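Visitor: Could you take me through this model step by step, and show me how to read each feature before we turn to the particular case?

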Amino acid sequence: MPVQTISAQEVFSRRQSGKAPQIIDVRTPAEYAEVHAEGARSVPLDQLDPTTLISSREGPNGEPLFIICKTGGRAAKACEKFQAAGFENVVSVEGGTAAWEQAGLPVVRGTRKVISLERQVRIAAGLLVLLGILLGWLVHPAFLGLSAFVGAGLAFAGITDWCGMGMLLARMPWNRGGGGDGTCSS
């Protein structure tokens, strides 16, 4: 079943009309702490267990459970998890928190600026490629395999929309805890 989507403005309009939709933010705690849609609750994607949320999260009047992330990618994955668990009344917020913020809707801002996971992946991949080249040049040509491995991983991530490096970085201490100074966006 394809993932249903809704605009940030439509979710906000439902809130304004008194429907009190449940909004789950599946970004990391650090990203959530930096900025999140007003009324959203943090449940990081890597800790998401649909069976614990299903029975308690469908709102009154049959309101769906709305899932939000940074731009929509993780929200779609979370919706797929819910659907696989048998919960169909779940909708991804198009464009995520970025669209929510761009529409001028109310957000809660933290005091720390964080580095998105997308940027963290680029930094780590770039450093690993550079390290592989330097070690291949200075130590042994076999180290060039590191650069090839990282390049293959990036190509795989682009083709499949699954990023192992992003998932690994999401588990790092700086991406945990609400006051961390890193973030994840995969």
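Guide: Let us start with a single residue and its accessibility, keeping in mind that this is a predicted model. Cys 69 has a relative accessibility of 1%, and because the limit for a buried residue is under 20%, Cys 69 counts as buried.

Visitor: How many disulfides are there by the distance rule?

Guide: The rule asks for two cysteine sulfur atoms within 2.5 Å, and by this rule the count is zero. Cys 69 takes part in no disulfide, its nearest cysteine sulfur being that of Cys 79, at 9.2 Å. Read from the other side, the sulfur of Cys 79 has its closest cysteine sulfur in Cys 69, 9.2 Å away, and this is too far for a bond. Cys 79, with 0% relative accessibility, counts as buried.

Visitor: In what order do the strands of the sheet lie?

Guide: To read a sheet, one follows the pairing from strand to strand. Here five strands form an open sheet in the order S1-S6-S5-S2-S4, with parallel pairing. Strand S1 (4–6) and strand S4 (40–42) each have a single partner strand, so they stand at the edges and one side of each is left without a neighbour in the sheet. On average, neighbouring strands of this sheet are turned by 35° against each other, direction ignored.

Visitor: Which residues stand opposite one another where S5 meets its partners?

Guide: One looks at the bridges on either side of the strand. Strand S2 (residues 22–25) pairs with strand S5 (residues 65–68) in the parallel sense over four bridges; there Leu 65 is the bridge partner of Gln 22, and Ile 23 stands opposite Phe 66. S5 and S6 also run parallel and are joined by three bridges, with Ile 67 opposite Ser 92 in S6.

Visitor: Which way do the side chains of S5 point, and are they buried or exposed?

Guide: Leu 65 and Ile 67 point one way from S5, whereas Phe 66 and Ile 68 point the other way, and all are buried.

Visitor: What lies across the sheet, and at what angle to S1?

Guide: For a helix on a sheet, one asks which strands it covers and how its direction compares with theirs. Helix H1 (residues 8–16) lies across S1, S2, S5 and strand S6 (90–93), and runs at about 70° to S1. Helix H4 (residues 73–84) also packs on the sheet, where it touches S5 and S6, and its direction makes about 175° with that of S6.

Visitor: Which residues of H1 are buried, and where do they lie around its axis?

Guide: They are Ala 8, Val 11 and Phe 12. Seen down the axis of H1, these buried residues fall within an arc of 95°, so they line one face of the helix. Their packing is against S1, S2, S5, S6 and helix H5 (96–102). Just after H1, Gly 18 takes a positive phi of about 90°.

Visitor: Which residues does Gln 83 contact, leaving aside its neighbours within four places in sequence?

Guide: Gln 83 is in helix H4 and, at 12% relative accessibility, counts as buried. With those neighbours left aside, its contacts are Met 1, Pro 2, Val 3, Glu 88 and Val 90.

Visitor: What does the pLDDT say about the model?

Guide: The protein averages a pLDDT of 86, and 90% of the residues score at least 70. Over residues 178–186 the pLDDT is below 50, and this stretch has 44 contacts in the model beyond near neighbours in sequence.

Terms used: Residues numbered from 1 in each chain as written. Predicted model: local features only at pLDDT ≥ 70, side-chain atom pairs only at ≥ 80, totals over all residues. Heavy atoms only, no water. Pairing = 2+ DSSP bridges. Helix = DSSP H or I, 4+ residues; strand = E, 2+ residues; numbered from the N terminus. Axes fitted to C-alpha atoms, helices over the stretch in contact; angles between N-to-C directions. Contact = heavy atoms within 4.5 Å. Buried < 20%, exposed > 50% of the residue type's maximum accessible area, 1.4 Å probe, protein only. Arc of directions from axis to C-beta. pLDDT = per-residue confidence, 0-100.
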